[in-house]
Amino acid sequence: MTNVLQLSFTGSIADTSPSAHPMSIGGSAHLDGNSLRFVGPGSYLYTPDSSDFAFGGCDFSVALQVTTATLPANSGIFAQYNNGNGADMMELTLNAANGF
């Protein structure tokens, strides 16, 4: 299995996978020790689209740890979209009603 994105947040937001995707944070997001803290709406972590994320019919996994003080009404955790017509959409959302 090839690792296409690895973020350890050990002092930086750098992708330490062999792909070394450029990363940026926005809104009130900031590093806090060895974690990335999203403070308030509009906080995000972003990397440009890449063919690495076109999983197609291949098996893949996403591993992450989420800690929240309160469960939000609806917050996106991970998303991948086709901007052309909405096809190939993949999303992981955290919400107060159902969890993930």
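**Notes on a six-strand predicted model**

1. Let me start with arginine 37, which counts as partly exposed at 43% relative accessibility. Its side chain meets that of aspartate 32 in a salt bridge, with 2.8 Å from N to O. Aspartate 32 is also partly exposed, at 32% relative accessibility. The structure holds one salt bridge. Please keep in mind as you read on that this is a predicted model.

2. Now the overall layout. The chain has six strands and zero helices, and reading along the sequence gives the pattern β-β-β-β-β-β. Of its 100 residues, 19% count as buried. About 7,100 Å² of the chain is exposed, and carbon and sulfur atoms supply 52% of that area. As for contacts between residues at least 6 apart in sequence, 26% of them join residues at least 24 apart.

3. Arginine 37 comes up again when we look at serine 28. This serine lies in the loop between E1 and strand E2 (30-32). Setting aside neighbours within four places in sequence, serine 28 is in contact with Arg37, Val39 and Ser43. Its C-alpha atom is separated by 8.2 Å from that of proline 41, a residue 13 positions away along the chain. Is serine 28 buried or partly exposed? With a relative accessible area of 39%, serine 28 is partly exposed, because that value falls between the 20% limit for buried and the 50% limit for exposed.

4. Threonine 47 deserves a look in your viewer. This residue sits in the loop between E4 and E5, and it is buried, with a relative accessible area of 18%. That figure is under the 20% cut-off, so the residue is classed as buried. Which residues does threonine 47 contact, leaving aside its neighbours within four places in sequence? They are His21, Pro22, Met23 and Phe53. With proline 22 there is a polar detail to add: a polar atom of the threonine 47 side chain lies 2.7 Å from the proline's backbone oxygen.

5. Two backbone angles are worth checking. Most residues other than glycine have a negative phi. Phenylalanine 9 has a positive phi of about 55° although it is not a glycine, and alanine 20 likewise has a positive value, near 45°. Phenylalanine 9 is found in the segment before strand E1 (24-26), and alanine 20 also has its place in the segment before E1. Their surroundings can be told apart by accessibility: phenylalanine 9 is buried, with a relative accessible area of 15%, whereas alanine 20 counts as partly exposed at 48%.

6. Finally, the surface. Which residues form a nonpolar patch there? Phe60, Val62, Leu64, Val66 and Ile77 do, and together they have about 380 Å² of accessible area. One of them, leucine 64, has its place in the loop between strand E4 (44-46) and strand E5 (75-80). Leucine 64 is partly exposed, with a relative accessible area of 43%. Why can leucine 64 be part of a patch? Patch members need over 30% relative accessible area, and leucine 64 qualifies on that count because its value is 43%. The loop that holds leucine 64 is also the place of threonine 47, the buried residue of point 4.

Technical notes. Residues are numbered from 1 along each chain as its sequence is written. This is a predicted model: local features need pLDDT of at least 70, side-chain atom pairs count only at pLDDT 80 or more; totals for chains, interfaces and linings use all residues. Side-chain values use heavy atoms; hydrogens and water are left out. Patches are made of residues with over 30% relative accessible area and no salt bridge: like charges are joined within 9 Å, nonpolar side chains (Val, Leu, Ile, Met, Phe, Trp, Tyr) within 5 Å. Accessible areas come from the Shrake-Rupley method with a 1.4 Å probe; for residues, only the protein chains shown count as cover. A salt bridge is a side-chain nitrogen of Lys or Arg within 4 Å of a carboxyl oxygen of Asp or Glu. Helices (H or I, at least four residues) and strands (E, at least two) are DSSP runs, numbered from the N terminus. Buried means under 20% relative accessible area, exposed over 50%, partly exposed in between (1.4 Å probe, protein chains only). Contact means heavy atoms within 4.5 Å. A polar contact is a pair of N or O atoms within 3.5 Å; within protein, one must be able to donate a hydrogen and the other to accept it, and residues adjacent in sequence count only if both atoms are side-chain atoms.
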